[in-house]
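Thank you all for coming. Please take a moment with the sequence and the model before I begin, and then I will go through it piece by piece.

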Amino acid sequence: ANNSILLPHYFALEPFIPLNSLPRGAQGSFLLSPGFYEAELQSYCLHADAHAPSRGQGCLWAPLKGPREPMIRHILQNSVQHTEIEQQQIQSMIWSILARVRFSDLSPEIQRVASQLLTPEEVAELNGGAQQHQ
């Protein structure tokens, strides 16, 4: 975030609108109109060998890249529709995918989460089928 640009002291903030109350586009994007919004959001670490949250300013925007990018993007998009799945479960699944753990080697709990968020083709890919990523 750029902290060098501040709103003038006389700038009146309108009431905040809950972001989740807005209509959504075909792929789940929010259809914004002028105004101020508020939301509680989840974020995920894409550093596969991180075992727990660390200290410091680790939250930065970056484009998804790499051979697992389509799968990770699909998980993030689908997770919005599965609020019953805990953030830590999704995080564990993402770390497992980035670490190239086969689906059959995932814990039963993470297999269940993966089955909810991934297509059968993506599950097969995680088991070494469909595509092999080197």
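**The second largest pocket**

I begin with the second largest pocket, which is lined by Leu 46, Pro 63, Leu 64, Lys 65, Gly 66, Pro 67, Arg 68, Glu 69, Ile 72, Ile 97, Leu 98 and Arg 100. The elements that give two or more residues to this lining are α1 and α2, where helices (H or I, at least four residues) and strands (E, at least two) are DSSP runs numbered from the N terminus. A pocket here is an open set of points on a 1 Å grid over the protein atoms alone, where a 1.4 Å probe fits and where protein lies on both sides within 12 Å along at least five of seven lines, and lining residues have an atom within 4 Å of a point. The volume of the second largest pocket is about 170 Å³, a volume being the space filled by probe spheres set on the points, which are joined across faces, edges and corners. By class, the lining has 7 nonpolar, 1 polar and 4 charged residues, with Ala, Val, Leu, Ile, Met, Phe, Trp, Tyr, Cys and Pro counted as nonpolar, Asp, Glu, Lys and Arg as charged, and the others, Gly among them, as polar.

Before going on, I should say that this is a predicted model, in which local features need pLDDT of at least 70 and side-chain atom pairs count only at pLDDT 80 or more, while totals for chains, interfaces and linings use all residues. Residues are numbered from 1 along each chain as its sequence is written, and side-chain values use heavy atoms, with hydrogens and water left out.

One residue of the lining, Arg 100, lies in the loop between α2 and α3, and its phi is near 65 degrees, a positive value in a residue other than glycine. Arg 100 counts as partly exposed because its relative accessibility is 40%, given that buried means under 20% relative accessible area, exposed over 50% and partly exposed in between, with a 1.4 Å probe and protein chains only.

**The chain and its core**

Stepping back, the chain has 4 helices and 2 strands, and from the N terminus on its elements run β-β-α-α-α-α. Of its 134 residues, 23% count as buried.

Where is the largest nonpolar core centred, in the sense of which residues have the most contacts inside it? That core has 18 residues, and those with the most contacts inside it are Ile 75, Ile 90, Met 93, Ile 97, Leu 117 and Leu 118. Each of α1 (69-79), α2 (87-98), α3 (108-117) and α4 (120-126) supplies at least two residues of this core, a nonpolar core being a set of buried Ala, Val, Leu, Ile, Met, Phe, Trp, Tyr and Cys residues joined through side-chain atoms within 4.5 Å.

Leaving aside neighbours within four places in sequence, Leu 118 is in contact (heavy atoms within 4.5 Å) with Met 71, His 74, Ile 75, Ile 97, Val 123 and Leu 126. Three of these names return in α1, whose buried residues are Glu 69, Met 71, Ile 72, His 74, Ile 75 and Ser 79, and what covers them includes α2, α3 and α4.

**Two glutamines**

Is Gln 89 buried or exposed? Gln 89, found in helix α2, is buried, with a relative accessible area of 10%, and beyond its neighbours within four places it is in contact with Glu 109, Ile 110, Arg 112 and Val 113. Gln 77, in helix α1, is partly exposed at 43%, and its C-alpha atom is separated by 8.4 Å from that of Gln 27, 50 residues apart along the chain.
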